[in-house]
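User: I'm new to reading protein models and would like a close look at how the helices pack in this one. Could you start there and then walk me outwards to whatever surrounds them?

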Amino acid sequence: MSVRFASSRPDSPDALVLPVSKKGGIDAALDGLSEEVAAHLRRAAQAARFNGDTASIVEIVTDYDGEPRRVLLAGVGSGEDHGYENAGGAVAAKLLTSGEKTMIIDASSDSSTDTGSRMAYGALQRGWRLDRYRTRQKAKAKPTLRTITVVADEDEAGRWAAHEHVFAGIAFARELVTEPPNILYPKSFVERCRPLEELGVKIEVLGRDEMAELGMGALLGVAQGSVREPQLLVMRWDGTDGEQNKPLALVGKGVTFDTGGISIKPGPGMEDMKFDMGGAGAVAGAMRALAGRKAKAHVIGVCGLVENMPDGNAQRPADVVTTMSGQTVEVLNTDAEGRLVLCDAMHWVQENYRPDVMIDLATLTGAMIIALGFEHGGCFANDDGLAEQLLAAGTSSGDKLWRMPLGKAYDKLLDSPIADMKNVGPREAGSITAAQYLQRFVQDGVKWAHLDIAGMVWMKSASNLWDKGATGFGVRLLDRFVADNFES
């Protein structure tokens with residue numbers, strides 16, 4: 001869908017969407033409608049017990065110069081907690097395959113800032129879908145909605161670009177997560193990111209030989225069972241003209257398909273493991289958003305890209321690998337592979353860019369889903385200030401986080417009798433021991449946070465902002481974090 005702006009309500013029979021807040025009530029939204037249509041909407045709202053609750057909708061069909069026209073009231077709640085985005089998304093879900101080609105969002109009666117733009121932003125998110133592999137589809141299931149017209153002044157139209165580029169980042173992350181694993185694997189992931197160079201992102205790629213020279217035994221151990229060559233993808237955006245010497249480092253787990261390796265996963269549900277690169281997808285999407293809107297920040301995005309397969313050459317439980325940092329790891333479970341990928345990628349970026357702040361994102365543990373369900377990503381951090389900044393960015397962006405503990409008491413759960421550490425602890429505190437493992441690869445003085453987003457990158461039910469499937473979680477969060485703490 002495309003978004004365009006108009007200074008006044010277009011004279012057309014296209015679907016008309018009017019936001020209604022719980023504070024303002026219906027009357028303000030009805031301004032400019034005929035008495036007959038306004039009365040019809042009041043009766044419909046009364047019958048539906050509509051009071052402006054977030055994402056609630058009242059719809060009527062009226063006559064517009066002899067043609068039918070949908071008019072919809074969309075509840076935005078109290079205007080908080082992303083009510084406008086959710087309202088826009090709810091309307092988009094209703095109209096996406098309805099036969100309507102254009103919807104007009106007229107929020108001119110609402111005094112809040114950028115109301116129409118925020119609704120359009122939500123509508124774009126809910127309208128995203130990947131249909132390239134569908135060769136047969138019923139006509140009524142095909143999307144018809146193509147254009148969103150926002151009635152707004154020039155100032156709001158001028159601010160739209162920021163929303164547009166963040167959505168482009170979300171869409172990019174969703175595309176990467178959704179693609180099937182025979183299409184998206186380490187090398188093709190890299191090729192999907194190449195167009196970012198046109199936006200000013202500098203890209204560097206390390207292959208198997210380069211990583212072997214550097215001693216990345218942990219990452220390469222995960223990859224050795226696959227015919228797909230691993231890649232270390234490095235994306236750098238500097239919108240500060242060199243003023244910020246040390247970049248913010250973002251590190252993403254990019255296991256493009258995870259069978260579990262020799263510690264193979266159960267068959268039912270294994271198809272979902274194409275999304276085990278959701279952390280890398282979020283990093284790539286964030287780089288797309290930041291470069292697109294020309295963020296005044298210096299950011300380095302690193303994605304460790306591998307495929308975890310149970311080949312005859314695959315890593316075995318009880319193997320000992322040497323990481324790039326020199327620390328040794330006894331691999332007791334080859335399905336605890338994400339931390340092996342991340343530890344080498346994290347060490348590499350610290351050695352080469354000396355960041356003061358480093359954040360890794362990963363679909364790391366099923367235990368995180370048991371702890372937090374599908375409402376929050378887990379946040380582990382070695383610095384209270386960084387944790388608070390990330391939690392605040394999560395709340396303001398809508399990609400919510402919940403802080404989880406770290407502590408020396410958990411370290412002994414990773415002790416190995418023959419190596420520096422094991423790659424797994426016991427069943428208890430599984431997400432915490434995974435974070436404790438990663439913390440061993442954080443260099444002195446580096447503020448670090450680990451975001452375990454296992455429950456957030458893929459949803460089995462639709463919401464107001466996404467259909468079933470990929471969510472793009474992490475892109476809005478990272479963009480907001482950068483805007484609040486590196487561009488202010």
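Analyst:
**Helices that cross, and what lies around them**

Let's start with α8 and helix α13 (residues 475-485): their axes come within 8 Å and cross at roughly 50°. That angle is why α8 is called oblique to α13. The crossing of these two helices, α8 and α13, is right-handed. If you want to find the contact on screen, look on the α8 side for A282, G285, A286, A289 and L290, and on the α13 side for V475, L478, D479 and V482. One thing to keep in mind as you look: this is a predicted model.

Now stay on α13 and look for another partner. Helix α11 (residues 384-397) packs with α13 at an angle of about 120°, and the axes are 8 Å apart. Here too the angle makes α11 oblique to α13. The handedness of this crossing, α11 past α13, is right-handed. From α11, the residues that take part are L386, Q389, L390, A393, G394, S396 and S397, and they meet R476, L477, R480, F481, D484 and N485 of α13. In case you wonder about the pairs of numbers I keep quoting, two packed helices are described by the angle between their axes and the distance between the axes.

Next, go back to α8 and step to the shorter stretch called α5 (residues 186-193). Its buried residues are P186, S188, F189, V190 and C193. Those buried residues of α5 pack against α8, and also against α4 (154-178), β7 (202-206), β8 (231-238), β9 and β10.

Strand β9 is worth a stop of its own, and V251 is a handy residue to click on, as it lies in that strand. How buried is V251? Its relative accessibility is 0%, so V251 counts as buried. Setting aside neighbours within four places in sequence, V251 is in contact with V283, V302, L342, A345, M346, V349, M358, I359, D360 and L361. Here's a nice example of folding bringing a chain back on itself: V251 and A362 are 111 residues apart in sequence, but their C-alphas are 8.6 Å apart in space.

From β9, follow the chain into the loop that leads to α8, and you can pick up the aromatic rings. The structure holds five aromatic pairs. In one of them, the ring centres of F275 and W458 are 5.9 Å apart and the planes are at 20°, so this pair is stacked. This pair links distant parts of the chain: F275 sits in the loop between β9 (248-258) and α8 (278-292), while W458 is in strand β18 (residues 458-459), 183 residues away. F275 and W458 are both buried.

Another pair is Y437 with F441, and this one is tilted, with 5.2 Å from centre to centre and 45° between the planes. Y437 is buried, and F441 is too. Y437 also shows up in helix α12 (residues 430-439), a mostly covered helix in which nine of the 10 residues are buried. The buried ones in α12 are G430, S431, I432, T433, A434, A435, Q436, Y437 and L438.

While we're on rings, there are also arginines lying over tyrosine faces. R69 lies over the face of Y64, 4.8 Å from the ring centre. R228 does this with Y185, at 3.8 Å from the ring centre.

Finally, let's look at some loops. On the other end of α8, K294 lies in the loop between α8 and β10. K294 has a phi near 55°, which is a positive value in a residue other than glycine. With a relative accessible area of 45%, K294 is partly exposed.

Move on to the loop between β10 and β11, where you'll find A318. A318 isn't a glycine either, yet its phi is positive, at about 95°. A318 is partly exposed, with a relative accessible area of 47%.

Q315 lies in the loop between β10 (298-308) and β11 (319-322). Is Q315 buried or exposed? At 5% relative accessibility, Q315 counts as buried. If you leave out residues up to four places away in sequence, Q315 touches G221, V222, Q224, I262, V321, V331, T334 and L340.

How values were computed:
Residues are numbered from 1 along each chain as its sequence is written. This is a predicted model: local features need pLDDT of at least 70, side-chain atom pairs count only at pLDDT 80 or more; totals for chains, interfaces and linings use all residues. Side-chain values use heavy atoms; hydrogens and water are left out. Rings of Phe, Tyr and Trp (its six-membered ring) pair if their centres lie within 6.5 Å; planes under 30 degrees apart count as stacked, over 60 as edge-to-face and the rest as tilted. Helices (H or I, at least four residues) and strands (E, at least two) are DSSP runs, numbered from the N terminus. Buried means under 20% relative accessible area, exposed over 50%, partly exposed in between (1.4 Å probe, protein chains only). A charge sits over a ring if NZ of Lys or CZ of Arg is within 6 Å of the ring centre and within 35 degrees of the ring normal. Axes are lines fitted to C-alpha atoms, for helices over the stretch in contact, and angles run from 0 to 180 degrees between N-to-C directions. Angles under 35 degrees count as roughly parallel, over 145 as roughly antiparallel, 65 to 115 as roughly perpendicular and the rest as oblique. A crossing is left-handed if the near helix is turned anticlockwise from the far one by less than a right angle, and right-handed if clockwise. Contact means heavy atoms within 4.5 Å.
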